[in-house]
Amino acid sequence: MNKEKKQIIVYVDMEGASGIFDHNSGAFIHGSALWHEYGRKCITSDVLAVCQAANECKIDEIIIYDGHFAGTHEHNIIIKDLPQNIKLFDTRNRCFDWRRIRGQADLEPFGLITAGQHARYGTESAYFPHTIQSPPIKSLYINDKNIAEIGMCAYNFCGTKYIANIGCTASMAEAMEISPKITCIPVKDKKNKWEPDFSDTFPVIKENIINAINDIENKEKIKIDEPCIFKMEICGNFIFKKPAKISWEGTFSEKTALWSSPTAEIGFELFNFVRNCITEMSLS
Ligand SMILES: [Zn+2]
């Protein structure tokens with residue numbers, strides 16, 4: 001194995017992409033006409049800026065998880081528009097199969113970058129805030145840390161340096177709670193009505209990623225105490241239906257599920273089982 005190989009992990013969502021705002025929100029609806037014509041270009045531009053920056057910094061490999069609208073096969077990013085040295089995480093229909101995702105990356109990646117990111121459910125002045133899928137999910141905690149997609153990905157890569165977060169200004173809070181030394185690269189700000197075009201944010205992302213990679217000595221490794229305690233709360237109108245048998249350590253009440261796991265990775269795998277126990281109350 002070549003110990004000098006530098007691999008960067010890029011976790012991509014779409015609600016926090018450049019160029020997608022309330023007035024054109026259809027751009028992130030996977031499969032819609034606006035998504036095809038415009039939305040894909042927005043997120044691809046952000047990711048291309050990251051890739052070009054990484055390549056200028058002599059990163060050997062960029063491995064991307066395109067996690068928006070997981071459960072469908074077609075990617076959001078336009079792969080042919082990205083450089084040759086990208087690799088894609090391979091999970092069935094791009095699902096949140098976090099252990100498989102972790103296993104496909106190097107044991108010691110150079111760092112993690114998150115792009116296209118949005119804020120947690122309930123965040124004010126945010127574009128499309130949600131926690132994985134809200135409703136039904138209201139909140140998710142790992143050891144009392146309130147996380148959504150950013151935290152899920154970051155804690156799945158414990159031990160890896162978190163380099164930068166790109167997205168809605170309101171998404172920076174979650175990323176900073178995980179690692180205060182990351183580089184924050186906002187591409188839109190609902191509070192200040194800052195809505196630039198993706199062509200305007202491209203050079204900003206690229207320049208800031210180059211600076212962030214060159215500052216790797218000052219970036220910190222993601223860490224969490226293990227074993228981990230997870231908690232999921234669900235929105236009104238939904239309840240947990242406790243399965244007859246559960247094969248992990250956990251408890252359910254109507255609105256809250258708790259589970260523990262020896263590692264963060266395993267806890268995220270169990271998340272999928274817990275999520276499957278959510279049912280909608282009948283509207284009678
Ligand atoms: Zn998304």
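Helix axes that meet at an angle under 35 degrees count as roughly parallel. In this predicted model, helix H1 (residues 33-56) packs against helix H5 (residues 198-214) at an angle of about 30°. H1 and H5 are therefore roughly parallel to each other. Their axes lie 8 Å apart. The crossing of H1 and H5 is right-handed.

Residues from both helices build this contact. H1 contributes Cys42, Ser45, Asp46, Ala49, Val50, Gln52, Ala53, Ala54 and Glu56. H5 contributes Phe198, Phe202, Ile205, Lys206, Ile209, Ile210 and Ile213. By class, the contact of H1 with H5 holds 11 nonpolar, two polar and three charged residues.

The loops show some unusual backbone geometry, given that most peptide bonds are trans and most residues other than glycine have a negative phi. Two cis bonds occur in the loop between strand S4 (111-117) and strand S5 (137-142), where Pro135 and Pro136 are found. The peptide bond from Ser134 to Pro135 is cis, with omega near -20°. The bond joining Pro135 and Pro136 is also cis, and its omega is about 10°.

Positive phi values appear at Asp144 and Asn237. Asp144 sits in the loop between S5 and strand S6 (145-147). Its phi is near 70°. Asp144 has 7 other C-beta atoms within 10 Å and is exposed. Asn237 belongs to the loop between strand S9 (228-234) and strand S10 (238-240). Phi of Asn237 is about 80°, although this residue is not a glycine. Asn237 has 11 C-beta neighbours inside 10 Å, so Asn237 counts as exposed.

How values were computed:
Residues numbered from 1 in each chain as written. Predicted model: local features only at pLDDT ≥ 70, side-chain atom pairs only at ≥ 80, totals over all residues. Axes fitted to C-alpha atoms, helices over the stretch in contact; angles between N-to-C directions. Helix = DSSP H or I, 4+ residues; strand = E, 2+ residues; numbered from the N terminus. Parallel < 35°, antiparallel > 145°, perpendicular 65-115°, else oblique. Left-handed = near helix turned anticlockwise from the far one by under 90°. Contact = placed C-beta atoms within 7 Å. Nonpolar A, V, L, I, M, F, W, Y, C, P; charged D, E, K, R; others polar. Buried ≥ 20, exposed ≤ 12 C-beta atoms within 10 Å, placed from the backbone.
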